[in-house]
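Please open the model in your viewer and keep the sequence beside it, since this tour moves from one selection to the next.

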Amino acid sequence: MPAIDHRVMGVARAEEALRDGRIAAAAGSVIRMFPEIRRIAHDKDPLLNRAFRVLAVATARADGALMIRAEVPRELLEAWGGASAEEREANVAWSIRALRRLNEQRKDDPALQTDLGEALARAPEHRGEALRLLGGLAEKDLLASPEAYATLARLRALSGDAAGHDAAASRCEAMARDTALCRTSRAIDPRPQS
């Protein structure tokens with residue numbers, strides 16, 4: 001009798017949770033299925049790559065502080081909760097590394113580039129790169145999520161581009177199920193962009 005890998009459906013549910021904005025559910029699901037994911041060398045396994053992507057995007061959108069205490073057993077929580085500033089920075093850095101590796105494997109994938117741009121925006125030292133990446137995708141109408149347009153709007157506001165902010169916020173509102181995503185923004189560190 002063939003063995004069934006339940007992780008296939010589990011990753012699909014995690015992707016759906018991420019699309020629905022349920023970050024903790026998406027991240028918790030991936031961590032439960034792949035508890036060693038932080039230490040796994042990047043792989044060519046498509047299922048594992050999908051898991052990497054879900055967790056990396058969820059981690060970036062949570063600014064490195066995943067609220068997953070209710071989602072995972074204590075022994076799997078590790079630093080994913082981002083209790084300290086150092087843990088949050090390390091989690092965002094992990095997210096950026098994971099998404100860069102995925103982008104290297106699948107060059108010219110606007111959805112992966114969008115995810116990478118979102119993650120880069122969470123690290124002050126990478127905001128300039130994020131603005132260029134997301135702005136370039138937006139010019140070609142290739143940004144893949146309302147979250148990316150919201151991120152682009154915040155980056156443009158930080159750079160003093162009011163018209164660019166308004167354009168990105170409008171696109172966000174056109175795509176988002178909940179337009180509050182587009183109107184509200186988390187506090188952004190005003191350190192200079194590189």
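Begin by selecting helix α5 in this predicted model, a helix of 21 residues that reaches 31 Å from its first C-alpha to its last, which is close to the 30 Å expected at 1.5 Å a residue.

Within α5, now highlight the buried residues, which are N91, V92, W94, S95, I96, A98, L99, L102 and N103. If you then show α3 and α6 as well, you will find the two helices against which these buried residues of α5 pack.

Next, select N103, which lies in helix α5, and ask what its side chain meets. N103 is buried because its relative accessible area is 11%, and the cut-off for buried is under 20%. A polar atom of the N103 side chain lies 3.2 Å from the backbone oxygen of L112. Leaving aside residues up to four places away in sequence, N103 touches D109, L112, Q113 and L116.

Now turn to the largest pocket, whose volume is about 950 Å³. Of the 37 residues that line this pocket, select L18, R19, R61, S145 and E147, which are the closest to its centre.

Which helices each supply at least two residues of the lining of the largest pocket? Colour α1 (7-19), α3 (46-61), α5 (85-105), α6 (110-121), α8 (146-158) and α10 (180-183), for each of these does so, while the largest share, seven residues, comes from α3.

As a last step, colour the lining of the largest pocket by class, and you will see 15 nonpolar, seven polar and 15 charged residues.

Definitions and conventions: Residues numbered from 1 in each chain as written. Predicted model: local features only at pLDDT ≥ 70, side-chain atom pairs only at ≥ 80, totals over all residues. Heavy atoms only, no water. 1 Å grid on protein atoms, 1.4 Å probe; cavity = no way out; pocket = protein on both sides within 12 Å on 5 of 7 lines; lining within 4 Å. Points joined across faces, edges and corners; volume = space filled by probe spheres on them. Helix = DSSP H or I, 4+ residues; strand = E, 2+ residues; numbered from the N terminus. Nonpolar A, V, L, I, M, F, W, Y, C, P; charged D, E, K, R; others polar. Buried < 20%, exposed > 50% of the residue type's maximum accessible area, 1.4 Å probe, protein only. Polar contact = N/O pair within 3.5 Å; in protein donor to acceptor, adjacent residues only side chain to side chain. Contact = heavy atoms within 4.5 Å. Expected span 1.5 Å × (residues − 1).
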